[in-house]
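Here is a short briefing on one protein chain. Look at the structure first, then read the points by topic.

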Amino acid sequence: MDLVLTEDDVYLDSLPDEVEGAVGTPLIEVARMLDEPDNDKEFRRGVRLLLEAGADAAPRMPDELRDLFEELRYAMRGVTVR
């Protein structure tokens, strides 16, 4: 997720508007949670929200970003938010 969770706004700005609009805010929030780990439960919720937000935009994502989302989705299988 290094490519996705950078502070480089250039990458986000280069995404199609629909993709940036769908995943931009949840992605920034997840990155913030990684920088300031307060609560594991909130982090898991943030990742779930990011995956949900990205689901509709996935067909319009660049291949590399779509692959990263699929890897994250796979990694989150079976992880519950308690």
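Glu18 sits in helix H2. The model is predicted. Glu18 is partly exposed, because its relative accessible area of 46% falls between the 20% limit for buried and the 50% limit for exposed. Beyond its neighbours in sequence, up to four places away, Glu18 touches Ala57 and Arg60.

**Glu18 and Met61**

- Glu18 and Asp56 are 38 residues apart in sequence. Their C-alpha atoms lie 9.5 Å apart in space.
- Glu18 is also one of the H2 residues that contact H3.
- Met61 belongs to the loop between H3 and H4.
- Met61 has a relative accessibility of 4%, so the residue counts as buried, the cut-off being under 20%.
- Leaving out residues up to four places away in sequence, Met61 touches Val19, Val23, Gly54, Arg66 and Phe69.
- Met61 and Pro16 are 45 residues apart along the chain, yet 7.5 Å separates their C-alpha atoms.

**Helix H2 against helix H3**

- Helix H2 covers residues 17-35, and helix H3 covers residues 40-57.
- The two helices pack at an angle of about 165°. Their axes are 9 Å apart.
- H2 is therefore roughly antiparallel to H3, since the angle is over 145 degrees.
- The crossing of H2 past H3 is left-handed.
- On the H2 side, the contact is made by Glu18, Val19, Ala22, Val23, Pro26, Leu27, Val30, Met33 and Leu34.
- On the H3 side, Glu42, Phe43, Gly46, Val47, Leu50, Ala53, Gly54 and Ala57 take part.
- By class, this contact of H2 with H3 holds 13 nonpolar, two polar and two charged residues.

**Helix H3 against helix H4**

- The axes of H3 and H4 cross at roughly 135° and come within 11 Å.
- H3 is therefore oblique to H4, as the angle falls outside the ranges for roughly parallel, perpendicular and antiparallel.
- H3 passes H4 in a crossing that is left-handed.
- H3 brings Val47, Leu50, Leu51, Gly54 and Ala55 to this contact. H4 brings Phe69, Leu72 and Arg73.
- The contact of H3 with H4 has six nonpolar residues, one polar and one charged.
- Val47, Leu50 and Gly54 of H3 appear in the contact with H2 and again in the contact with H4.
- Gly54 and Phe69, which meet across H3 and H4, are among the residues that Met61 touches.

**The chain overall**

- How many helices and strands does the protein chain have? There are four helices and zero strands.
- From the N terminus on, the order of elements is α-α-α-α.
- Of the 82 residues in the protein chain, 32% are buried.
- Among contacts with a separation of 6 or more, 61% join residues 24 or more positions apart.

**Confidence**

- The protein chain has a mean pLDDT of 82. A value of 70 or more is reached by 87% of its residues.
- Where is confidence lowest, and where is it highest? The lowest mean is 77, in helix H1 (residues 9-14). The highest is 91, in helix H4 (residues 63-75).

Notes. Residues numbered from 1 in each chain as written. Predicted model: local features only at pLDDT ≥ 70, side-chain atom pairs only at ≥ 80, totals over all residues. Heavy atoms only, no water. Axes fitted to C-alpha atoms, helices over the stretch in contact; angles between N-to-C directions. Parallel < 35°, antiparallel > 145°, perpendicular 65-115°, else oblique. Left-handed = near helix turned anticlockwise from the far one by under 90°. Contact = heavy atoms within 4.5 Å. Nonpolar A, V, L, I, M, F, W, Y, C, P; charged D, E, K, R; others polar. pLDDT = per-residue confidence, 0-100. Buried < 20%, exposed > 50% of the residue type's maximum accessible area, 1.4 Å probe, protein only.
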